[in-house]
Amino acid sequence: MNYQELAGDILQGVGGRENIISLVHCATRLRFKLSDPALADAAGLKNNPGVIMVVESGGQFQVVIGNHVHEVYQAVCRAAGLNDESAAAAPPQEKSTLLARFIDVVSGIFTPFLGVMAACGILKGCLALSLAGGVLNESSGAYRMLFAASDALFYFLPIVLGYTAGKKFGGNPFLTMVVGGALVHPLMLEAFQASADGEALSFFGIPVVLINYASSVIPIIASAWFCCWLERQCNKVMPSAVKNFFTPLICLAVVVPLTFLAIGPLATGLGELLAAGFQRVYHFAPWLAGGILGALWQVCVIFGLHWGLVPLMMNNVAVLGYDPMMAILLPAVFGQVGAALGVFLKTRDPRLKTLAGSGAVAGVFGITEPAVYGVTLPNRRPFIFGCVGGALGGAIVAFSQSKVYSLGLASIFALAQMIPPTGPDATVWGAMAGVALSFTLAALLTLFAGLPAQPAAETMPTALADADAVLAPLTGVAVALDTVPDPTFASGLMGQGAAIIPAEGRVVAPFHGEVASLFSTKHALGLLSDSGIEVLIHVGIDTVKLNGEHFTAHIKEGDKIAPGDLLVEFDREAILRAGYDLSTPVIISNSEDYAGVESVCPSPDVRAGTAFLHVTRNNQGDNHD
C-alpha cells in the first residue's frame, strides 16, 4: 500500500491540515479532533479502498484503517507537518456532551500504550501456561525476568498514565510523569509497608493515609489534571525567564503532597466504589450481565463507546486483582470472528471472501474492526448472528465466574490470562466453552442463513439474469461513458456502454463466453459472450503507453470464461502515480446489432459481479451469426 498517497486522501477528506485540532490512533483507527466536522468528506473517505469505515462518535472523526494504522498515522503526520506533540495537542474548550468529552479524554489517555498493554498481558498469560504445564517455576531466573517484563507496565502504570494524561490535558507530560513516579517511589512503598505495622506518616503534622498506588488508575489521572491546571495558572503569572523551572517546582511541591493527602485517597475511594458497584451488579445475575455485555459490546465498539469501560476494567484489576468484564467480552469478539468465517465459507464474491478471511484472522488476535466494518455489518445478518453468539457465550462465561488476571486485548491469548495463580480450574473451562459456543453458533447461523442463497453475481433482478446481461467486471464507481476523458470513447464511436473508476486492481469476467482478444500491453481485452455480445474493457486512458508495466494477465486468447473469473490484475496505485486516468470504459463493441444498450447499476457504487449493462435485442431475435 502507498501510505503517503492514502495519507493525502485522508488529509483532504478531513478538511485539510487547518481543520485538524488533534490526531491520535488506536489499534485500527485514526482519531481526529476537527475544528469543523462539516468540512470533512465522510462519504468520500468511505469510498477510498484504503479506508474500511468512517465513524463519527464521541466528538471524534474516526477513520478505520486496519492493522497498518500506525504506518498510515505516520504518513498523515508527515503530510500535515505534525509531530507527536502537535498531533496530540489538547483541543481548545468547546461545547460538547459530557459523554463525548469523557470518551475523548479516556481514549486519548489509554490509546498510546494499548498495544504494549496487550503484549504484556499476552506474556503474562504465556507465563501462567508455563507454570501450569511445569515448563517454568517461580524461582527460575527465566521466569523472574519474563515476569518483570510482563508486569512492569502494570506495576508502574501511574508513571505511564502520568505521561499520557499530561499530554491529553495539555500540560508538561514529564512533569505529570514525575508525579506518577512519586506514587510508586520505593520510599513511599516502604512507608506503606511500615504503616501495616502501625508506623504512621505525616506531612508537617498532617496525617497521611498511605495507599499502595502501584497499578492504580484513577488517582494519577485526577492528579495529572490538577497538575496541568496549576501549571497553566503558574505560567500566566511567572516571568518567562524563570517559569521553565519555577513552574515545575511549584507544581511538584504542591501536587505530590496534595495527592498523598487528599486526591489519592479520594480517587482510590472512588475506584473502590466503582469496583464494588460492578461486583454487586455482576453477582446479582452474572448470566444476565454477561449476556447483555456480550450482545452489546460490538455495538459499543462501532460508536466508540467501549472506551468508557476501559478504566473500569483496569480499576477492577487494580482493586480486586482480577476483572470479569474482559472475560465476558471474549465471546463477543469470537462471535464476529465466527460470523466472518461463515461469510468466508459461504460467499463466492472474491473480494468479500478476501475481506472475510483477513478479518477473521485479525479478529482472532482481538482486532474486530476489519471483520465488523468490512464484512459482518454491511451484510447485517452476520453482525446480528455474531452478537447473538456473543450474548450466549457471554452468559456462559459470566455464569462460570471466569476472570482475567492481567489486562490486554480480548483475543485468543486472553484464555491464558484467565488462568488463576493457583492453576487452571473450572472457570477456565467455562470460558473456553462460552467462546467455542459463540464462535460455532455465529459461524453456523451465518453459513446457513447469513447471506442470500445466490452469490453476488446472481442477486440481480430475474429479468437481467439472462443471456442479455453484462455484469460489472470491476469494483468501483460507475460513470457515464460521455464523461470519460477520451473523445473516442466518450463519443460512442467504439460502441455504447458505461465506465467504471476502479477501487481495486482486478478485472473479472462479466459473463459466460471466451476471450476474443488480449492486447500485448494487457491494458485492454475483448470478450465474446455465449449469446454473441462483444465487450471491450479498456483499463485507464492512454495506458497503452505503459507497455504492459503494472498489468498482469491471467488469461490468453481463446480461453473460456465464467462470471467472476479473474482476467487481469493491475497496480492501481502505481498507475495513478504515473499520472494516468483510470477511468475504464466497458463497451458493447457490437452495439449496432442491438436495439439498445442501457446501464442497470442500482447506484454509482458498483461491485464486480453485479448487474451493470443490459442489451435489448432487435425484433428479429438473436443477432449472433
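**A tour of the predicted model**

Begin by selecting Val470, whose bridge partner in β20 is Leu613. This is a predicted model, in which local features need pLDDT of at least 70 and side-chain atom pairs count only at pLDDT 80 or more, while totals for chains, interfaces and linings use all residues. Residues are numbered from 1 along each chain as its sequence is written, and side-chain values use heavy atoms, with hydrogens and water left out.

Widen the selection to residues 611-617, the strand β20, which is joined to β7 by 3 bridges and runs antiparallel to it; strands here are DSSP runs of E with at least two residues, and helices are runs of H or I with at least four, and two strands pair if DSSP finds at least two bridges between them. Adding β18 completes an open, antiparallel sheet of 3 strands in the order β7-β20-β18. β7 (469-471) and β18 (594-599) each have a single partner strand, so one side of each is left without a neighbour in the sheet.

Next select Cys26, in the loop between β1 (20-25) and β2 (29-34), which an unreviewed UniProt entry annotates as "active site", although such annotations may be inferred rather than shown by experiment. Cys26 is buried, with a relative accessible area of 8% (buried means under 20%, exposed over 50%, partly exposed in between, with a 1.4 Å probe and protein chains only).

Finally, show Lys353, whose charged end sits over the ring of Phe344, 4.7 Å from its centre, and then Lys403, which lies over the face of Tyr322 at 5.3 Å from the ring centre; this requires NZ of Lys or CZ of Arg within 6 Å of the ring centre and within 35 degrees of the ring normal.
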